[in-house]
Amino acid sequence: MQKVYLDNASTTRIRPEVITHMAEVMAQEFGNPSSTHSFGRSAKVILETSRKKIASSIGAKSSEILFTSCGTESNNWVLRSVVKDLGVKRIVTSKIEHHAVLHTVLALQNEYDIVVEYVPLEVNGAVDYQGLKNILADEVQGKTLVSLMHVNNEIGTILDLDKVGTLCQNYNALFHSDTVQSVGKTELNLEELPVDFITASAHKFHGPKGVGLLYVKKNYVLQPLLFGGEQEKGWRAGTEAVHQIAGMAKALEMSYQELKKERSHIHELKIYLKEQLTEAFPEVIFNGEIFDGTYSDTTFYNLVNVMLPFSTDKTSMILFALDMKGIAVSRGSACQSGSVRPSHVLAEILSPEDLQKPSLRISLSHENTKEEIDALIMALKTMG
């Protein structure tokens, strides 16, 4: 049976070069980077070289990059620290953020009685910038943090980081962006962008699982969530996973080296996918895009969220049926795949009736082909 993987927003296959590099590090550099002997110093060189490579890839200084276990930890760290230690009394976010942000914000609201406000959204799920400006113009006691993701992980809407960052500067607010879906897939220059904190995870850009990064602009100091050691400037205790970090640096470096070619290929696949879906199912709806006679291509280039014109009784079985045919797609975030509830993202932009219809998130990588798209369309045709 042909295996077709179209769930790259959940995770990506590790590049072979990254596996090779990690294996070399594990075989040759087993020292603890905190040790002062030659074995430790050698591991420390790998660690700091990786930090410099990552910083260079996204226009940051190496001192602004901290290593974590994943994007979820990075998001938790930022949100908790700004409330506990930087005097933030209000967090402005949206109802379509990843749960790593939404659940953390709600926990902080319960623990510290902070004010939480949600920005209004456009009909396609994009942030209403005027609505954000209106919220920021309403002064509150204490500092404000705006936390909005760069690329939505379910519908692919894109946030204008420069516009939001400038608004935050104008109203003296801090700005955090979950960039898990965009780091390694689009250019970022943090030296020029008015962003205070970003978070990312290596397994989203063809690196290993279990390692992520946090960018903290140089004028801020975060207090640790974990205690017990002086690693990561004393901000995050625990022996660094040198081979994982080296793999993340290699994956990010390669992602940006190949970005122009791979982005062009993926974008062509997305256009082909939408054409084939529309031809096979003329009543198809693309969630996250605005229909004006035709669907605008305004969502991120590797992601399509499609509502199929199938009966609602097929909703619960469609993923299983596709999986039985060897095709992997998803309904939304893998972090909530065990939930029977509809997507919280789609719940914000769809009517209750449409929310019951089967919607699929199809996310592409440079490894995908038109033949795999054809296999998906053929499988869907047998279910319609």
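**Exercise 1.** In this predicted model, decide whether N172 is buried or exposed, and find where N172 lies in the fold.

Solution. Start with the accessibility: N172 has a relative accessibility of 67%. The cut-off for exposed is over 50%. N172 therefore counts as exposed. Next, place the residue in the chain: N172 sits in the loop between α6 (161–170) and β6 (174–178). Last, look at the backbone: the phi of N172 is positive, about 60 degrees, although N172 is not a glycine.

**Exercise 2.** Decide whether H206 is buried or exposed, and state which elements flank its loop.

Solution. The relative accessibility of H206 is 7%. Buried means under 20%, so H206 counts as buried. The loop that holds H206 runs between β7 (197–201) and β8 (212–216). The backbone of H206 has a positive phi of about 65 degrees, and H206 is not a glycine either.

**Exercise 3.** Test the length of helix α3 against the rise of 1.5 Å a residue, then describe its cover.

Solution. Helix α3 covers residues 71–85, which is 15 residues. The expected span is 1.5 Å times one less than the number of residues, which gives 21 Å for α3. The end C-alpha atoms of α3 are 21 Å apart, so the two values agree. As for cover, 11 of the 15 residues are buried, and α3 is thus mostly covered. Among the buried residues are W77, V78 and L79, and also the charged residues E73 and R80. Just after α3, G87 has a positive phi of about 80 degrees.

**Exercise 4.** Compare the radius of gyration of the protein chain with that of a compact globule.

Solution. The chain has 384 residues, and a compact globule with that number would have a radius of gyration near 21 Å. The protein chain has 21 Å, so the chain agrees with the globule rule. The C-alpha atoms fill a box of roughly 65 × 55 × 35 Å along the principal axes.

**Exercise 5.** Summarise the secondary structure, burial, contacts, surface and charge of the protein chain.

Solution. Begin with the elements: the chain has 12 helices and 12 strands. Then take burial: 54% of the 384 residues are buried. For contacts with a separation of 6 or more, 73% join residues 24 or more positions apart. The exposed surface is about 17,100 Å², of which carbon and sulfur atoms supply 51%. Finally, the chain carries 38 positive and 46 negative charges, and their mean positions are 4 Å apart.

Definitions and conventions. Residues numbered from 1 in each chain as written. Predicted model: local features only at pLDDT ≥ 70, side-chain atom pairs only at ≥ 80, totals over all residues. Heavy atoms only, no water. Helix = DSSP H or I, 4+ residues; strand = E, 2+ residues; numbered from the N terminus. Rg over C-alpha atoms; globule rule 2.2 N^0.38 Å. Buried < 20%, exposed > 50% of the residue type's maximum accessible area, 1.4 Å probe, protein only. Contact = heavy atoms within 4.5 Å. Areas by Shrake-Rupley, 256 points an atom, 1.4 Å probe, with all protein chains shown as cover. Charge placed at Lys NZ, Arg CZ, Asp CG, Glu CD.
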